[in-house]
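I opened the file to go through the core, one strand and the cysteines. My entries follow in the order in which I looked things up.

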Amino acid sequence: MDEPTILLTNDDGIEAAGLRAVYDGLSEVGDVVTVAPATDQSAVGRKLSHEVDVWGHELGYAVEGTPADCVVAGLEALVPETDLVVAGCNRGANLGAYVLGRSGTVSAAVEATFFDVPAMAVSMYIPVRENTDFTDIDDGELRYDEAVRATTYLAEHAVEAGVFDQCDYLNVNAPVADWGPAPLAVTRPSKEYEMTAERNGDAVTLHDRIWERMAEGSIPDPEGTDRRAVVDGAVSVSPLTAPHTTEHHEALDTLAAGYDPVD
């Protein structure tokens, strides 16, 4: 089998240490071309631009745009021969069903699925509390060993093994390397949701309480979920499909049949 062409992107920006770490690891199994945002685009979801500036970079291309911009530009114009899209490694976890639509990292993988290109979103959990700004963390001091090891293994074997015959993309979350060797655990996104809001005069403060609970190790998530696996020291791999799928819905069919547009 020929070496796969791997399009690498992220949402932390092309200069992020996590992207460089994954680039070096993936270079052992394929031809890696980076198409990544020029600046930090964390938590932008699938925001898309009409036109973006692009310039050459030692790793591939820097794009003045979002992760979704990078994937569309990459697959349609810059690296059309791509066999696999990898987004990451993100500085901070992307765990839980409610997080998936917010994450620029995950959104890049989702965008690739609409081109029928297999994709992986890769993130690393950092045990911090909610009020920590991830951009304040010294990226150069983080070790992405477990994330890189799992990403490289999956990039080398998942396509040929038929993994993407049953899913559109993989959401991969690794624990920090300081915790030691981490096994792979196949998971599902946790449905636990602990967002709260508190009014303070003219402002409302939003809290995601789960980060504090994760830092303490006292999470409510059951076995088999992504968050539980990472807190227990495993690399979580969730096989997922692109969003907005539909199912036959008898109650809605009945309601639609009874609708009178002139009443």
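Entry 1, strand S11. I noted beforehand that this is a predicted model. I began with S11, which is mostly covered, as five of its six residues are buried. I then looked up its partners. S7 and S11 run antiparallel and are joined by five bridges. Within that pairing, I found Val-237 of S11 as the bridge partner of Val-172. S8 and S11 run parallel, with three bridges between them. There, Ala-185 stands opposite Ser-236 of S11.

Entry 2, Ser-236. Is Ser-236 buried or exposed? I read a relative accessible area of 0% for Ser-236; the cut-off for buried is under 20%, so Ser-236 is buried. I listed what Ser-236 touches beyond four places in sequence: Asn-171, Val-172, Asn-173, Ala-185, Thr-187, Asp-226, Ala-229 and Val-230. With one of these, Thr-187, Ser-236 makes a polar contact from side chain to side chain, at 2.7 Å. I also checked a distant pair: Ser-236 and Pro-80 are 30 Å apart, C-alpha to C-alpha, and 156 residues apart in sequence.

Entry 3, the nonpolar cores. I counted 36 residues in the largest nonpolar core, where Leu-8, Leu-26, Val-86, Met-120 and Leu-170 have the most contacts inside it. Two or more residues each come from S1 (5-9), H1 (17-26), S2 (31-37), S5 (84-91), S6 (119-124), H4 (145-157), S7 (169-174) and S11 (235-240). H4 gives the most, with five residues. I looked at Leu-26 by itself. Leaving out residues up to four places away in sequence, Leu-26 touches Ile-6, Leu-8, Val-32, Val-86, Thr-151, Thr-152 and Ala-155. I also found a second, separate core of 21 residues, which includes Val-35, Val-117, Ala-121 and Tyr-169.

Entry 4, helix H4. I checked its length against the expected rise. At 1.5 Å a residue, the 13 residues of H4 should span 18 Å, and the end C-alpha atoms are 18 Å apart, so the two agree. I listed Glu-146, Ala-147, Val-148, Ala-150, Thr-151, Thr-152, Leu-154 and Ala-155 as buried in H4. Which elements cover them? The cover includes H1, S5, S6, S7, S8 (184-186) and S11.

Entry 5, cysteines. I searched for disulfides and found zero. For Cys-70, the nearest cysteine sulfur is that of Cys-89, 17 Å away, and Cys-70 is in no disulfide. Why is Cys-89 not bonded to Cys-70? The two sulfurs are 17 Å apart, and a disulfide needs them within 2.5 Å, so the distance is too far for a bond. I read 0% relative accessibility for Cys-70, which therefore counts as buried. Cys-89 has a relative accessible area of 1% and is buried as well.

Entry 6, Ser-190. I found Ser-190 in the loop between S8 and S9 (195-200). Ser-190 counts as buried because its relative accessibility is 1%. Its contacts, not counting residues up to four places away in sequence, are Gly-96, Ala-97, Asp-221, Thr-225, Asp-226 and Arg-227. The side chain of Ser-190 makes a polar contact with the side chain of Asp-221, and I noted the distance as 2.3 Å. Asp-226 is in this list, and I had already met Asp-226 among the contacts of Ser-236.

Definitions and conventions: Residues numbered from 1 in each chain as written. Predicted model: local features only at pLDDT ≥ 70, side-chain atom pairs only at ≥ 80, totals over all residues. Heavy atoms only, no water. Core = buried A, V, L, I, M, F, W, Y, C linked by side-chain atoms within 4.5 Å. Buried < 20%, exposed > 50% of the residue type's maximum accessible area, 1.4 Å probe, protein only. Contact = heavy atoms within 4.5 Å. Expected span 1.5 Å × (residues − 1). Polar contact = N/O pair within 3.5 Å; in protein donor to acceptor, adjacent residues only side chain to side chain. Pairing = 2+ DSSP bridges.
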